[in-house]
Amino acid sequence: MNASSSREQGQPGTTSPLGTERRHHAHEANGDHVVELRGVSKRFGSVTAVEDANLALREGTLTSLLGPSGCGKTTLLRLIAGLENCSTGTITIKGRSVDRLPIHKRNIGLVFQNYALFPHKTIGQNIAFGLKHRKVPKALTMEKVKRALEIVRLPGIEDRYPNQLSGGQQQRVALARAVVFEPDVLLLDEPLSALDANLREEMRVEIKLIQRALGVTTILVTHDQQEALAMSDEIVVMNQGSIQQVGHPKDVYRRPCNPFVAGFLGQANVFPCTIIGGVESSGDLLRVRLENGMELIGDASTSDATAAAKEAGKAATIVIRSSEISLSPNDVTSGDGNAAKGVNQFSGQIVDSSYLGDDAHYLVNAGDLSVKVISRFGRKIGQDADQMLDSDAPVGMTAPHEACRILFST
Ligand SMILES: Nc1ncnc2c1ncn2[C@@H]1O[C@H](COP(=O)(O)OP(=O)(O)OP(=O)(O)O)[C@@H](O)[C@H]1O
């Protein structure tokens, strides 16, 4: 439920799970966009941490900033929070420029990796901290703290101290403290990275449910792609200070716009290639030659490259997700893309295999190429469900043309 939908239906307002009337701010000029960045850059001396970032975040959504270490995601979050000033560009929150506003005037909730609870204050006092600064009356404060603890499923622990809680519980309290004053935006900086793997997965779901229940527009910084894919309405993939792609997790995963995004998200085979030409039957399919001479057919529809970039002789990259290659225990007739069949077929030899419970990971040599393949075990009655293919075995590999993405460097 977001404020704009109730506006459209002519409703006066809604009551949040934290008990107050939702404020409908005057941000109609920006439609549903709660946070907007226009041409935002940040330089530290000679280092450009963020370069010309343009983003618009819809009300009530969870957006992840995802990318490798040093790509600028924390800096971008700190710019939105007001912990850093932009070198160029402008940031608006709910329609008003916050460029000159310090953090405490931006109505932002923050959760960091290391909880940052005050150790000598009780849980109740920790959560009430932001309300005290907003001069909320005591009785209402106690009510809001109680509700916030119920929302994070830790009711009645107001009088305990942080060191009496587990890491996961402390992180829930940090979340309660960040949302209790009903911020316009919730910023989460690697909130789960200090937790062990099982708890992290549990907390992913928990945070997502709380975020949805509150309807608070949220930005999450993470370098963990599983976390971003599992939790986000939108993912912003960054590299070297620049936003590479913004989209729904499925689109970013299935339809990466450039070789960086394709290689960063999921397990993929990324091979340099040269364009040979188009395939008659389809404008989006191109025939390419790999460095080892192998010819494949791939789909260039996700790339917004110009027609000139797709001409014969031009360099490109072909990306084949490991999970989109099927292995068969027999050698196949190597063939480029047999256009009529709609698949590329090539043969190779398994050089390494790993059993991972639900999947088998294989490394297959195909004439100078190392191809990574992930096979999901099927559950077939009467068969050994976890049957692995033998190492050293000759195998055939098949990948549909549309699963072989041809991308161009931008
Ligand atoms: N205060 C600073 N002074 C100088 N350089 C900085 C400062 N903060 C960040 N940088 C540089 O800006 C770049 C982006 O850093 P940032 O912390 O935003 O990346 P990140 O994607 O969050 O990385 P990580 O996942 O490792 O935290 C890096 O090259 C970093 O060294």
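The following paragraphs go through a buried strand and its partners, and then the surroundings of the ligand.

This is a predicted model, in which local features need pLDDT of at least 70 and side-chain atom pairs count only at pLDDT 80 or more, while totals for chains, interfaces and linings use all residues. Residues are numbered from 1 along each chain as its sequence is written, and side-chain values use heavy atoms, with hydrogens and water left out.

Strand β7 (residues 185-189) is largely enclosed by the rest of the structure, because 5 of its 5 residues are buried (under 20% relative accessible area, with a 1.4 Å probe and protein chains only). Val185, Leu187 and Asp189 point one way from β7, whereas Leu186 and Leu188 point the other way. Strands here are DSSP runs of E with at least two residues, and helices are runs of H or I with at least four, numbered from the N terminus. With strand β6 (residues 108-111), β7 pairs in the parallel sense over 4 bridges (pairing requires at least two DSSP bridges), and Ile108 stands opposite Val185. The pairing of β7 with strand β8 (residues 217-222) is also parallel, over 5 bridges, and there Leu187 stands opposite Ile219.

Turning to the ligand, the residues around it (a heavy atom within 4 Å) include Phe44, Val47, Pro68 and Lys73. Among the polar contacts (N or O pairs within 3.5 Å), an oxygen atom of the ligand is 2.7 Å from a polar backbone atom of Gly70, and an oxygen atom of the ligand is 2.6 Å from a side-chain N or O atom of Thr74. Helix α2 contributes the most to the shell around the ligand, with 3 residues.

Methods. Buried means under 20% relative accessible area, exposed over 50%, partly exposed in between (1.4 Å probe, protein chains only). A polar contact is a pair of N or O atoms within 3.5 Å; within protein, one must be able to donate a hydrogen and the other to accept it, and residues adjacent in sequence count only if both atoms are side-chain atoms.
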